[in-house]
Amino acid sequence: MDDADVRQNRNERVQGTLSRAIERAADILRAGGLVALPTETVYGLAADATQPEAVARIFAVKGRPQFNPVICHVTGRNAAEKLVDISPLADLLIDAFWPGPLTLVLPKLPDAPVADLVTAGLDTLAVRAPAHSVARQLLYAVDRPLAAPSANKSGHVSPTTADHVRQELGDEVDLILDGGPCGIGLESTIVGIADNEMQLLRPGSITAEDLEEATGIAPKSRNDSSITAPGQLESHYAPDHPLRLNAKRKQAGEFLIGFGKVAGDISLSKSSNLVEAATNLFAHLRAADRSGAERIAVAPVPERGLGIAINDRLRRAAAPRNGRSSGRTS
Ligand code: TXA
Ligand code: MG
C-alpha cells in the first residue's frame, strides 16, 4: 500500500465511524434525547423540535432562567417552507447565504409542527440551515427540524470544541458529536424579516454590508423597525385575561391551571414534573384564554430547576401593563 491507499483507508474508517455515530445520534433525537452537534459557528445542543418534552429538556440542561426562543435548524429551503412563510426578500437571503451562518426570523406557519417552547410563544420562528457537514448529515438522517441553542450553560460563552461541551454539559447530554473545532467560532447573524424590510437582530460573520449586497436593501436599525429585537423578547405570548399566581384554590370566575396537588381545571403536571410542566405551559395559557372564564389562576410552581424559568414566564404574563392587569411585558 502506498501513502494514498493508507490515507484513503483511514478516511473510509473515519467516515464509517462517523456515519455510525450519526445514525446513533438520529436515533437518540427521535427518541426525545439530546445531542450536542458541531456547526460552522458554535456547538449546538439539539433536540427534535417537534417533541415538546425534548425541547423542555434543553432548557433544563442549559439551566436557562428564562424561556428564550430557540433557533430551528433545517436542511434548507424545502424544509424551512414547511415551518415559516418565506417572503421574496427572505428567498434572496436564502439563495445568497444558505447553507451558512445566517438565521432568519420569519412568520411561523400556523400548522408548523414545532413545540411552543421553540418559539417561547412568539408567532415568529428563527430558522437556519447550517453548513457544517456533520450537522447536515445529522439533519438529513433525522429528517426533522432540530431546535438547538448554543451548547453552553446559560450565561456562559458558546462552546467551539467538543471538549468545551464535555466540560460544560458532560453527562447531561446523551451524545456529543465531535466535528473538531468550529470554523467561525461566533454565533450566526440573525435577521428579522417583515414585509419588505429586514433588521439585524444579532451581528455575526455575515455583515450588514453582505446583507445589503445580496438584496439591495440596507438592514434597518433597531429603533427604526417594527420587528422584535432580542432585547424585547420578553414580549412573548401573554394571555388576554388577568392572571393570578400562586393560587391554591379557584375563585369565582377563574380558570385554574393546576400543578402537583392543586388539581385545577387542567394541570401543568399532576406528578409535579417540571419538564412536563414547561412542556404544557404555553398551551395551557392559551387553553385558559379560550376557556370563557374571566380570569386565569395558576397554582404555585416550585422555584427550582426549570421551575425558575416557568415562574419567570408566569410573572411576566401576570405583570400589569397599560392599565391591564395582565399583558405583554416589554
Ligand atoms: O450560530 C448559532 O446561531 C448557534 C448554532 C448552534 O446554530 N445557535 C445559537 O442559538 O446561537 P442561541 O439560542 O444561543 O441564540 C439564539 C438567539 C437568541 O438570542 C434568541 O433570542 C434569538 O436567537 N431568537 C430565536 N428565535 C427568535 C425569534 N423568533 N425572534 C427573535 N429572536 C429569536
Ligand atoms: Mg447562546
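## Secondary structure and model

Helices (H or I, at least four residues) and strands (E, at least two) are DSSP runs, numbered from the N terminus. The structure is a predicted model. With that naming, Proline 99 is placed in the loop between α4 (88-97) and β4 (102-107).

## A cis peptide bond

The peptide bond that leads from tryptophan 98 into proline 99 is cis, with omega near -10°. Most peptide bonds are trans. The loop that holds proline 99 follows α4 and leads to β4, residues 102-107.

## Ligand 1

Ligand 1 is surrounded by 20 residues, and the closest are Thr41, His73, Arg128, Ser188 and Arg202. By residue class the shell contains ten nonpolar, six polar and four charged members. Strand β5, residues 124-128, contributes the most to this shell, namely three residues.

Side chains of three of the closest residues approach oxygen atoms of the ligand. For serine 188, a polar side-chain atom is 2.6 Å from a ligand oxygen. For histidine 73, the corresponding distance from a polar side-chain atom to an oxygen of ligand 1 is 2.7 Å. For arginine 128, an N or O atom of the side chain is 2.9 Å from an oxygen atom of ligand 1. The ligand taken alone exposes 690 Å², and the protein buries 93% of that area.

## The second largest pocket

The second largest pocket has a volume of about 210 Å³. Its lining consists of His73, Val74, Thr75, Ala79, Lys82, Leu83, Pro113, Leu139, Tyr140, Asp143, Arg144 and Pro145. Seven of these lining residues are nonpolar, two are polar and three are charged.

His73 is part of this lining, and His73 is also listed among the closest residues to ligand 1. Asp143 is another lining residue of the pocket; its backbone is described next.

## Two aspartates with positive phi

Most residues other than glycine have a negative phi. Aspartate 143 has a positive phi, near 60°. Aspartate 143 sits in the loop between α6 (133-142) and β6 (146-147). Its relative accessible area is 65%, and because this is over 50% the residue counts as exposed.

Aspartate 195 is not a glycine either, yet has a positive phi of about 50°. The loop that contains aspartate 195 runs between β8 (189-194) and β9 (197-202). Aspartate 195 has a relative accessibility of 73% and therefore counts as exposed.

## Polar contacts of buried loop residues

Asparagine 152 belongs to the loop between β6 and α7 (162-169). Is asparagine 152 buried or exposed? Its relative accessible area is 3%, which is under the 20% cut-off, so asparagine 152 is buried. The side chain of asparagine 152 makes a polar contact of 2.6 Å with the side chain of serine 150. The side chain of asparagine 152 also reaches the backbone oxygen of histidine 156, at 3.0 Å.

Glutamate 40 is found in the loop between β1 (35-37) and β2 (44-48). Glutamate 40 has a relative accessibility of 10% and so counts as buried. Which backbone atom lies 3.0 Å from a polar atom of the glutamate 40 side chain? That atom is the backbone nitrogen of alanine 131. The backbone nitrogen of histidine 132 is reached by the glutamate 40 side chain at 3.4 Å.

## Other buried positions

Proline 130 is located in the loop between β5 and α6. With a relative accessible area of 1%, proline 130 is buried. The C-alpha atom of proline 130 is 21 Å from that of phenylalanine 59, a residue 71 positions away along the chain.

Phenylalanine 255 is part of strand β11, residues 254-258. The relative accessible area of phenylalanine 255 is 14%, so this residue is buried. Between phenylalanine 255 and alanine 287, which are 32 residues apart along the chain, the C-alpha separation is 9.5 Å.

Note on methods
Residues numbered from 1 in each chain as written. Chains lettered and ligands numbered in written order. Predicted model: local features only at pLDDT ≥ 70, side-chain atom pairs only at ≥ 80, totals over all residues. Heavy atoms only, no water. 1 Å grid on protein atoms, 1.4 Å probe; cavity = no way out; pocket = protein on both sides within 12 Å on 5 of 7 lines; lining within 4 Å. Points joined across faces, edges and corners; volume = space filled by probe spheres on them. Nonpolar A, V, L, I, M, F, W, Y, C, P; charged D, E, K, R; others polar. Near = heavy atom within 4 Å. Polar contact = N/O pair within 3.5 Å; in protein donor to acceptor, adjacent residues only side chain to side chain. Areas by Shrake-Rupley, 256 points an atom, 1.4 Å probe, with all protein chains shown as cover. Buried < 20%, exposed > 50% of the residue type's maximum accessible area, 1.4 Å probe, protein only.
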